[in-house]
Structures are given as C-alpha cells and as structure tokens.
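Here are my notes on the pockets. Please read them with the model open.

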Amino acid sequence: MDIDVRGPRFGAALTALVLALVLITGSAWLLAWQTLAFALGAAGGVGRSPYGWLFRTAVRPRIGPPTEFESPEPPRFAQAVGLAFAGLGLVGLTLGPGWLGLAATGAALAAAFLNAAFGYCLGCEMYLLMRRMTVRAE
C-alpha cells in the first residue's frame, strides 16, 4: 500500500530538528531517541515511526487528504540508512571518539535536511539505484 508523500518529509523535518539539537547539545540521550525512531521506521515502515504516527494523527487531518502517493520501500530503506548513521553517532558520542559521533550525526542531519527542505531523499535514491543495479545484473 502506497503512502502519503508528505509524511516522510514531515518526519525528515522533525529528524533534522532533533539531530541539530544533538549537535548543539551533544546529548547522547536525544540521539538515542532518534536512533529508536529510525529503528521503528526501518522495522515497520515510516508510518510506524513516532513521527509517522504524529503526522497521521495530528497533521494529516488538518491538511487534508493526500493527492500524491509513493511506494513505502524507499523511505523505509532510508530509515535503515538513518539508523546506521545514528547508531554510529551514538557509539561515537557515548564510547568515543567524539568526532565520529559528530560526523555521523552531521551526515544524518544533512540527509534529513535535504529531504525536509527540498524533498530530496538520499536514502530513497540509494534504494532506487540499488534496485536498478540488481535488475540489470539478473
């Protein structure tokens, strides 16, 4: 079942905000929250993440029904990529080296910002590129 294209972009905006706060404060707890949000989105799809739930229950009823839909697989893959970067960032912030935590968090922030501000999902593009490569290889 396809998903409302506005949901992942809303989630990316909240993700960018959380990750920016992590870089400002150095809070491993806040990054742990974001890592959990990515894990839930990767495991169950973006609709199962906390930000997807918030979009579905609080935002979408106020902005009306969707007019555009997308396949859920690319955003779900993007959540898994975000999980990898956030997990690496969490390791860096808690165990060291600190620069690893900041770099991984910064990379995740850059990707989330691109999606939130411009609707360009790096993880989704990675997914589509990998799909094209595997189809050609067969």
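1. Start with the lining of the largest pocket. In this predicted model, 41 residues line that pocket. Nearest its centre lie Ile 3, Pro 8, Val 46, Gly 47 and Pro 75.

2. How much space lies in the largest pocket? About 880 Å³.

3. Which elements build the wall of the largest pocket? At least two lining residues come from each of these: β1 (3-4), α1 (6-25), α2 (28-44), α3 (50-63), α4 (73-95), α5 (98-118) and α6 (122-137). Helix α4 gives the most, with 8 residues.

4. Now the chemistry of that wall. The lining of the largest pocket holds 22 nonpolar residues, 12 polar ones and 7 charged ones.

5. Turn next to the second largest pocket. Its volume is about 220 Å³. The lining here consists of 13 residues. Val 5, Glu 70, Asn 115, Gly 119 and Cys 121 are the ones that lie nearest the centre of this second pocket.

6. Where does the lining of the second largest pocket come from? Helices α1, α4 and α6 each supply at least two residues. The largest share is from α6, at 3 residues.

7. By residue class, the second largest pocket is lined by 8 nonpolar, 2 polar and 3 charged residues.

8. When checking the model, keep the helices of both pockets in view. α1, α4 and α6 each supply at least two residues to the lining of the largest pocket, and each does so for the second largest pocket.

Conventions:
Residues are numbered from 1 along each chain as its sequence is written. This is a predicted model: local features need pLDDT of at least 70, side-chain atom pairs count only at pLDDT 80 or more; totals for chains, interfaces and linings use all residues. Side-chain values use heavy atoms; hydrogens and water are left out. On a 1 Å grid over the protein atoms alone, a cavity is a set of points where a 1.4 Å probe fits but cannot get out, and a pocket is an open set with protein on both sides within 12 Å along at least five of seven lines; lining residues have an atom within 4 Å of a point. Grid points are joined across faces, edges and corners, and a volume is the space filled by probe spheres set on the points. Helices (H or I, at least four residues) and strands (E, at least two) are DSSP runs, numbered from the N terminus. Ala, Val, Leu, Ile, Met, Phe, Trp, Tyr, Cys and Pro count as nonpolar, Asp, Glu, Lys and Arg as charged, and the others, Gly among them, as polar.
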